[in-house]
Amino acid sequence: MTVIHIVLFEWKPLASHAQVEEACNRMLALQDKCLNASSQKPYIKSFSGGRNNSNEGHASPYTHGFVVEFESEEDRDYYVSKDPAHQDFIKFAGELLQNIKVLDYEPGKL
C-alpha cells in the first residue's frame, strides 16, 4: 500500500535565504540519496516540494512543503528512523527549523 508523507517547514527567523535554499535542495536530493538497505537502490516513489505560493492565507507560519511517496509503511518507517541520508538531513536542517509538521496517509483509506 502506498504511503504519502507530507512535511511542512517553518524556519528560524535568523535562517538566511541561502541556508533555506540549501536545506530545500538537500531535502529534494533525498529522492536519489535514500537507498534501500538491502538492494542499495532508491526506494522513494516520488518526491516534490517547494515554497508556498497559496493566496488563501492558511499556511503561516509554514513557508515550505514537501510530499514524499513510499511504496509501503516499511519504506516510510525506514526513511523516518534509519535511513542515513535522511538522518544527515535532519541534523543539518534541525539547526535551521523553528517548527515542522508531518502528516502521513494511505490514499483512499479513511
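1. Ile100 counts as partly exposed in this predicted model, because its relative accessibility is 41%, and a residue is called buried under 20% and exposed over 50%. Ile100 belongs to strand E4, which covers residues 97–105. Apart from residues up to four places away in sequence, Ile100 touches Val7, Leu8, Phe9 and Tyr62. Its C-alpha atom is 11 Å from that of Phe66, a residue 34 positions away along the chain.

2. The fold is built from three helices and four strands. Read from the N terminus, the order of elements is β-α-β-β-α-α-β. Strand E1 takes up residues 3–11, helix H1 spans 17–33, and strand E2 runs over residues 44–51. Strand E3 comprises residues 64–70 and helix H2 comprises residues 73–81.

3. Strand E3 pairs with two partners. With E1 the pairing is antiparallel and runs over seven bridges; in this pair, His5 has Val68 of E3 as its bridge partner. With E2 the pairing is antiparallel, over seven bridges, and here Ser46 is matched by Glu69 of E3. Five of the seven residues of E3 are buried, so the strand is largely enclosed by the rest of the structure.

4. Arg76 deserves a look on the graphics screen. It sits in helix H2, and its relative accessibility is 15%, which means that it counts as buried. Setting aside residues up to four places away in sequence, the contacts of Arg76 are Val3, His5, Phe70 and Asp104. Among these, His5 is the residue that bridges to Val68 in E3. The C-alpha atoms of Arg76 and Ile4 lie 8.7 Å apart, although the two residues are separated by 72 positions in sequence.

5. The loop between E2 and E3 holds a cis peptide bond, which joins Ser60 to Pro61 and has omega near 10 degrees. Pro61 itself is placed in that loop. For background, most peptide bonds are trans. This bond should be looked at when the loop is inspected.

6. Asn52 is found in the loop between E2 and E3. With 37% relative accessibility, Asn52 is classed as partly exposed. Beyond its neighbours within four places in sequence, Asn52 makes contact with Ala59, Tyr62, Thr63 and His64. Of these contacts, Tyr62 is also touched by Ile100. Between Asn52 and Ala85, which are 33 residues apart along the chain, the C-alpha separation is 25 Å.

7. A second backbone point concerns Gln40. Its phi is near 60 degrees, a positive value in a residue other than glycine. As a rule, most residues other than glycine have a negative phi. Gln40 is located in the loop between H1 and E2, and its relative accessible area of 48% makes it partly exposed.

8. Leu35 shares the loop between H1 and E2. Its relative accessibility is 27%, so Leu35 counts as partly exposed. Once neighbours within four places in sequence are left aside, Leu35 is in contact with Gln40, Lys41, Pro42, Tyr43, Tyr78 and Asp83. The list thus includes Gln40, the residue with positive phi. Tyr78 is 43 residues from Leu35 in sequence, and their C-alpha atoms are 10.0 Å apart.

9. On overall dimensions, the radius of gyration is 14 Å, which agrees with the value near 13 Å that a compact globule of 110 residues would have. The C-alpha trace spans about 40 × 35 × 20 Å along its principal axes. Of the contacts with a separation of 6 or more, 69% are between residues 24 or more positions apart. The pair of Arg76 with Val3 is one such contact by residue number.

10. Last, the surface and the charges. Buried residues account for 33% of the 110 residues. The accessible surface comes to about 7000 Å², and carbon and sulfur atoms contribute 51% of it. There are 11 positive and 16 negative charges, and the mean positions of the two sets are 3 Å apart.

How values were computed. Residues numbered from 1 in each chain as written. Predicted model: local features only at pLDDT ≥ 70, side-chain atom pairs only at ≥ 80, totals over all residues. Heavy atoms only, no water. Helix = DSSP H or I, 4+ residues; strand = E, 2+ residues; numbered from the N terminus. Rg over C-alpha atoms; globule rule 2.2 N^0.38 Å. Buried < 20%, exposed > 50% of the residue type's maximum accessible area, 1.4 Å probe, protein only. Contact = heavy atoms within 4.5 Å. Areas by Shrake-Rupley, 256 points an atom, 1.4 Å probe, with all protein chains shown as cover. Lys, Arg positive; Asp, Glu negative; His and termini not counted. Charge placed at Lys NZ, Arg CZ, Asp CG, Glu CD. Pairing = 2+ DSSP bridges.
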